[in-house]
Amino acid sequence: MNDNESRLVEVPRGLGAEIVEMVLTPDNMQQLRDERQRIVLAWCEATFGAGPAADLHERASRVVEEALELAQCEGVDPDLLHELIDHVFARKPGQPWQEAGGVGVTLLAYCERRAISAEQCERAEFARAVSVPKEKTRERQSAKAAAGIARYPE
């Protein structure tokens, strides 16, 4: 996505243009976030190996796994989740940058409604993940792989 694509947004009614502009304007926060995502991927590579870390199907599957765990802790009915799968896969696939943005925006709305900071949750989870011994994390990944739902670490 280029800078022009990020600007092609209609301002929703009742939401001031200055607020939308503040959210859409790249600044130091974006640079910090971009650096953090590079650090997270480097941790994935060091923990699981370059292959699993680079496998986009694996990365997308882990996003889905985390989203399902969030739905589970909120008591979402598994039958609804199965219906959502059917609904999504009956449509034409979107673009990765747009769908990743949708995941991020949806998470921000969820966190605001839940009165938790997405930023703090993300930082705390990464701190927790890197504090787990590498062998234990790799064992958990291997168990998922044995169940057919993940790639084996390298």
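**Exercise 1. Work out which helices and strands the chain holds, and in what order they run.**

Solution. Start with the rule for naming elements: helices (H or I, at least four residues) and strands (E, at least two) are DSSP runs, numbered from the N terminus. Under this rule the chain has nine helices and zero strands, and from the N terminus on the order reads α-α-α-α-α-α-α-α-α. Before going further, note that this is a predicted model, in which local features need pLDDT of at least 70 and side-chain atom pairs count only at pLDDT 80 or more, while totals for chains, interfaces and linings use all residues. Residues are numbered from 1 along each chain as its sequence is written, and side-chain values use heavy atoms, with hydrogens and water left out.

**Exercise 2. Compare the span of helix α7 with the expected one, and state what follows just after this helix.**

Solution. The expected span of a helix is 1.5 Å times one less than its number of residues. Helix α7 covers residues 96–114, which is 19 residues, and from its first C-alpha to its last it reaches 27 Å, close to the 27 Å expected. Just after α7 comes Ala-115, which takes a positive phi of about 60 degrees.

**Exercise 3. Describe how much of the chain is buried and how much area it exposes.**

Solution. A residue is called buried under 20% relative accessible area, exposed over 50%, and partly exposed in between (1.4 Å probe, protein chains only). Of the 154 residues of the chain, 16% count as buried. Accessible areas come from the Shrake-Rupley method with a 1.4 Å probe, and for residues only the protein chains shown count as cover. The chain exposes about 12,000 Å², of which carbon and sulfur atoms supply 60%.

**Exercise 4. Count the salt bridges, and follow three of them from one part of the chain to another.**

Solution. Side chains of opposite charge can pair when their charged atoms come close. The cut-off is that a side-chain nitrogen of Lys or Arg lies within 4 Å of a carboxyl oxygen of Asp or Glu, and by this rule the count comes to 13 salt bridges.

1. Arg-36 pairs with Glu-119, the closest N and O atoms being 2.9 Å apart. This pair links distant parts of the chain, with Arg-36 in helix α3 (residues 28–48) and Glu-119 in helix α8 (residues 118–131), 83 residues apart. Arg-36 is buried, at a relative accessible area of 13%, whereas Glu-119 is partly exposed at 30%.

2. Asp-55 pairs with Arg-151, where the closest N and O atoms are 3.2 Å apart. Asp-55 lies in the loop between α4 (50–54) and α5 (56–73), and Arg-151 in the segment after α9, so the pair ties together parts that are 96 residues apart in sequence. Arg-151 is partly exposed, with a relative accessible area of 32%.

3. Glu-74 and Arg-114 meet through their side chains at 2.8 Å, N to O. Here Glu-74 is in the loop between α5 and α6, and Arg-114 is in helix α7, 40 residues apart. Glu-74 counts as partly exposed at 34% relative accessibility, and Arg-114 is partly exposed at 44%.

Finally, return to Arg-36 and Glu-119, which belong to a network of salt bridges that also links Arg-33, Glu-122 and Arg-123.

**Exercise 5. Explain why Cys-111 forms no bond with the closest cysteine.**

Solution. A disulfide is a pair of cysteine sulfur atoms within 2.5 Å, and the structure holds zero disulfides. The closest cysteine sulfur to that of Cys-111 is in Cys-121, and because the two are 5.1 Å apart, they are too far for a bond. As for their surroundings, Cys-111 counts as buried at 5% relative accessibility, while Cys-121 counts as partly exposed at 34%.

**Exercise 6. Find where Lys-144 and Arg-62 lie, and list their contacts beyond neighbours within four places in sequence.**

Solution. Contact means heavy atoms within 4.5 Å. Lys-144 lies in helix α9 (residues 134–146) and counts as buried at 19% relative accessibility. Leaving aside neighbours within four places in sequence, Lys-144 is in contact with Arg-62, Glu-65, Ile-149 and Ala-150. Arg-62 is found in helix α5 and is likewise buried, at 13% relative accessibility. With the corresponding neighbours left aside, Arg-62 is in contact with Gln-141, Lys-144, Ile-149 and Ala-150.
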